[in-house]
Amino acid sequence: QVQLVESGGGLVQAGGSLRLSCAASGGSSSSYTMAWFRQAPGKERNLVAARSRSGYSTRYADSVKGRFTISRDDAKNTVYLQMNSLKPDDTAVYYCAAGVTAWGTGAYDYWGQGTQVTVSS
């Protein structure tokens, strides 16, 4: 059973940066497609960024391309989301997710508890 624990959320002004971390235990993050999702109040949870098991492929939501970067540190079994040039529209709860077949199916097997990101204007 893989457990995912997010950290790094908080309050930041528009234009600022945050780095979210997702520490995985009970399994290697390199064995899974790792992803970040977000859910704003009253809205659906949507994919923000994903990194394939091999680490060679990434995908991003159009709204964050060029501003967010997903990365993985295999030695620390941790996945990161570097968020730059933050906008108020980025305000949401951010969730880390892992899935064996997720890159092709979009089905994620494990989820973290979420971390709040609030961007003030």
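Is D90 buried or exposed? D90 is buried, because its relative accessible area is 2% and the cut-off for buried is under 20%. The model shown here is a predicted one. D90 is a good place to enter it.

Start with the charges around D90. One partner is R38, and the two form a salt bridge whose closest N and O atoms are 2.9 Å apart. This pair links distant parts of the chain. D90 sits in the loop between β8 (78–83) and β9 (92–99). R38 belongs to strand β4, which covers residues 33–39. The two residues are 52 residues apart. R38 is buried too, because its relative accessible area is 15%, under the 20% limit.

D90 has another partner. The side chain of R67 meets the side chain of D90 in a salt bridge, at 2.8 Å from N to O. R67 lies in the loop between β6 (58–60) and β7 (68–73), and D90 in the loop between β8 and β9, so this pair ties together parts that are 23 residues apart in sequence. R67 is buried, like D90. Put the two contacts together and a network appears: salt bridges link R38, R67 and D90.

How many salt bridges does the structure hold? There are 4. One of them joins K65 and D62, whose side chains meet at 3.1 Å, N to O. Here the setting is exposed, for K65 and for D62. The network residue R67, by contrast, is buried.

Now follow R38 to the largest pocket. Which residues lie nearest its centre? They are R38, A40, K43, N46 and D89. R38 thus appears in this lining and also in the salt-bridge network. The lining has 16 residues in total. The pocket's volume is about 210 Å³. Two strands, β4 and β5 (45–51), each supply at least two residues of the lining. The largest share comes from β5, with 3 residues. By type, the lining divides into 7 nonpolar, 4 polar and 5 charged residues.

Strand β4 also leads to the aromatic rings. The structure holds 4 aromatic pairs. One of them is F37 with W111: the ring centres are 4.9 Å apart and the planes meet at 55°, so the pair counts as tilted. Where do the two residues lie? F37 is in strand β4 and W111 in strand β10 (residues 110–111), so the pair ties together parts that are 74 residues apart in sequence. Their surroundings can be compared with the cut-offs. F37 is buried, because its relative accessible area is 10%. W111 is partly exposed, because its value is 32%, which lies between the limits of 20% and 50%. Y108 joins in as well: ring pairs link F37, Y108 and W111 into a cluster.

Rings also meet charges. The charged end of R45 sits over the ring of Y95, 5.1 Å from the ring centre. R59 lies over the face of W103, at 3.8 Å from the ring centre.

Next, look at the backbone. Which residue has a positive phi of about 55°? That residue is N77, although it is not a glycine. N77 is found in the loop between β7 and β8. N77 counts as buried, because its relative accessibility is 17%. S85 also has a positive phi, near 50°, and is likewise a residue other than glycine. S85 is placed in the loop between β8 and β9. That loop also holds D90. S85 counts as partly exposed, because its relative accessibility is 40%.

The tour ends in strand β7, where F68 is found. F68 is buried, because its relative accessible area is 2%. How far apart are the C-alpha atoms of F68 and Q82? They are separated by 5.4 Å, while the two residues are 14 residues apart along the chain.

Key:
Residues are numbered from 1 along each chain as its sequence is written. This is a predicted model: local features need pLDDT of at least 70, side-chain atom pairs count only at pLDDT 80 or more; totals for chains, interfaces and linings use all residues. Side-chain values use heavy atoms; hydrogens and water are left out. Helices (H or I, at least four residues) and strands (E, at least two) are DSSP runs, numbered from the N terminus. Buried means under 20% relative accessible area, exposed over 50%, partly exposed in between (1.4 Å probe, protein chains only). On a 1 Å grid over the protein atoms alone, a cavity is a set of points where a 1.4 Å probe fits but cannot get out, and a pocket is an open set with protein on both sides within 12 Å along at least five of seven lines; lining residues have an atom within 4 Å of a point. Grid points are joined across faces, edges and corners, and a volume is the space filled by probe spheres set on the points. Ala, Val, Leu, Ile, Met, Phe, Trp, Tyr, Cys and Pro count as nonpolar, Asp, Glu, Lys and Arg as charged, and the others, Gly among them, as polar. Rings of Phe, Tyr and Trp (its six-membered ring) pair if their centres lie within 6.5 Å; planes under 30 degrees apart count as stacked, over 60 as edge-to-face and the rest as tilted. A charge sits over a ring if NZ of Lys or CZ of Arg is within 6 Å of the ring centre and within 35 degrees of the ring normal.
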